[in-house]
Amino acid sequence: MQNVCHSFFNVADNLIEFLFPSSCPLCGAPVSTHGELCADCWTSFNWISNPKCVKCGYPFPANLDLGDRPLCPNCAAGNCVLDFIRAACVYDDASKIVMLPFKHSGRIKYFNFMSRAMMWAIRDMSDLPDVIIPVPLAWRRLYHRGYNQAALLARPIAKAMKVKIDLDSVHRIYRPDMGHKNAKQRAENIRGVFKVVKPERIKGKKILLVDDVMTTGATFSELRRVLIDAGARAVYGLVFCRVVKSI
Ligand SMILES: [Zn+2]
Ligand SMILES: [Zn+2]
């Protein structure tokens with residue numbers, strides 16, 4: 001029976017493939033796996049690989065030999081916003097082409113390849129989290145956008161890691177957009193927007209925060225503050241892309 005079901009689903013899969021051939025979500029070129037990018041689009045991204053900071057994932061120039069466990073000056077000085085951070089790629093003109101429609105124009109089909117790239121980025125994390133929390137959206141923003149882009153990315157990651165996803169232990173109050181404010185203004189603007197409403201679910205837990213982009217790290221830093229206050233043991237972060245400024 002199992003074999004019959006199996007072959008039925010294989011036939012169904014092949015039929016779907018035949019009727020709707022997989023295409024690159026960015027340019028529409030044919031690809032072999034549903035949701036994957038074509039080779040041209042894939043190479044247009046600035047994917048972060050080694051050498052990078054072992055703690056925050058800050059990418060170093062490829063020709064630098066910094067040994068097995070390089071630390072960026074920020075982490076070496078003990079100023080990392082979280083206990084561990086990974087990003088799949090750099091926030092630049094290529095990733096912007098994905099990020100803006102994904103976040104603001106309902107292009108949610110991108111989440112497939114984005115979350116897969118994020119899983120690849122976090123493969124060197126030795127300490128598995130107990131729970132994944134997508135960075136919460138304020139209700140008002142969720143109502144207008146219709147979806148939380150961080151939650152879309154977090155779901156397949158939680159499934160692959162076999163870790164629970166928590167969508168309601170932390171709430172966020174609405175504040176107008178941060179726009180192009182500098183690091184200090186961003187930190188001030190985000191102070192106090194998060195509230196842990198179910199501290200019993202946070203206490204003693206190692207938490208992985210998931211978001212689409214990390215700009216100055218102010219959001220992660222503020223979330224970490226409230227989670228640690230609520231008794232979290234460690235707070236890690238994973239994003240699709242991050243702003244990389246020279247340090
Ligand atoms: Zn393409
Ligand atoms: Zn670092």
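**Sheet, core and domains of the predicted model**

In strand 7, R86 finds its bridge partner in L238. This pairing is a convenient place to enter the structure, which is a predicted model. R86 falls within strand 1, a segment that spans residues 84-90, and strand 1 runs parallel to strand 7, the two being joined by six bridges. Another pairing along this seam links V90 with R242, again in strand 7. On the partnership with strand 6, strand 7 is joined through eight bridges, and here too the strands run parallel. One of the residue pairs across that seam is K206 with A234 of strand 7.

These pairings belong to an open sheet of five strands, arranged in the order 1-7-6-2-3 with parallel pairing. Strand 1 and strand 3 (164-165) form the edges, each pairing on one side only. How many of the nine residues of strand 7 are buried? Eight of them are, so strand 7 is largely enclosed by the rest of the structure. Looking at the chain as a whole, nine helices and seven strands are found.

Confidence in the prediction can be considered next. The mean pLDDT of the chain is 89, and 91% of the residues reach 70 or more. Residues 1-6 call for some care when reading the model: the pLDDT there is below 50, and this stretch has zero contacts beyond near neighbours in sequence.

The overall dimensions can be stated briefly. For 247 residues, a compact globule would have a radius of gyration near 18 Å, and the 19 Å of the chain agrees with this. Along the principal axes, the C-alpha atoms fill a box of roughly 55 × 45 × 35 Å. Of the 247 residues, 33% count as buried. Among contacts with a separation of 6 or more, residues 24 or more positions apart account for 73%.

The interior is best approached through its largest nonpolar core, which has 57 residues. Within this core, the residues with the most contacts are M118, L153, L209, V210 and F240. At least two core residues come from each of several elements, including strand 1, helix 4 (93-104), helix 5 (111-121) and strand 2 (131-134). Helix 7 (149-161), strand 6 (206-214), helix 9 (218-229) and strand 7 (234-242) are also among the elements that each supply at least two. Helix 7 gives the most, with seven residues. Which parts of the chain does this core lie between? Domain 1 (1-44) and domain 2 (54-242) both give residues to the core, so it lies between them.

V210 offers a closer view of the surroundings of one such core residue. Setting aside residues up to four places away in sequence, V210 touches I132, P134, V135, A150, L153, A154, I157 and L238. L238 thus comes up twice, as a residue touched by V210 and as the bridge partner of R86.

The division into domains deserves a few words of its own. The chain is divided into domain 1 (1-44) and domain 2 (54-242), and 29 Å separate their centres, taken over C-alpha atoms. Where the two meet, five residues of domain 1 are in contact with five residues of domain 2.

Three individual residues complete the picture. F102 is found in helix 4. Is F102 buried or exposed? F102 counts as buried because 23 C-beta neighbours lie inside 10 Å, where the threshold is 20 or more. Leaving aside neighbours within four places in sequence, F102 is in contact with R107, Y110, Q149 and D212. The contact with D212 spans a long stretch of sequence: the two residues are 110 apart along the chain, while 9.2 Å separate their C-alpha atoms.

P51 and K162 are of interest for their backbone geometry. The peptide bond from N50 to P51 is cis, with omega near 0°, and P51 is found in the loop between helix 2 (39-44) and helix 3 (73-76). K162, in the loop between helix 7 and strand 3, has a positive phi of about 55° although it is not a glycine. With 7 C-beta neighbours inside 10 Å, K162 counts as exposed, since the limit for that class is 12 or fewer.

Methods. Residues are numbered from 1 along each chain as its sequence is written. Chains are lettered from A and ligands numbered from 1 in the order in which they are written. This is a predicted model: local features need pLDDT of at least 70, side-chain atom pairs count only at pLDDT 80 or more; totals for chains, interfaces and linings use all residues. pLDDT is the predictor's confidence in each residue, from 0 to 100. Two residues are in contact if their C-beta atoms, placed from the backbone, lie within 7 Å. A nonpolar core is a set of buried Ala, Val, Leu, Ile, Met, Phe, Trp, Tyr and Cys residues joined through C-beta atoms within 7 Å. Helices (H or I, at least four residues) and strands (E, at least two) are DSSP runs, numbered from the N terminus. Domain bounds come from an automatic or database domain assignment. The radius of gyration is taken over C-alpha atoms; the globule rule is 2.2 Å times the number of residues to the power 0.38. Two strands pair if DSSP finds at least two bridges between them.
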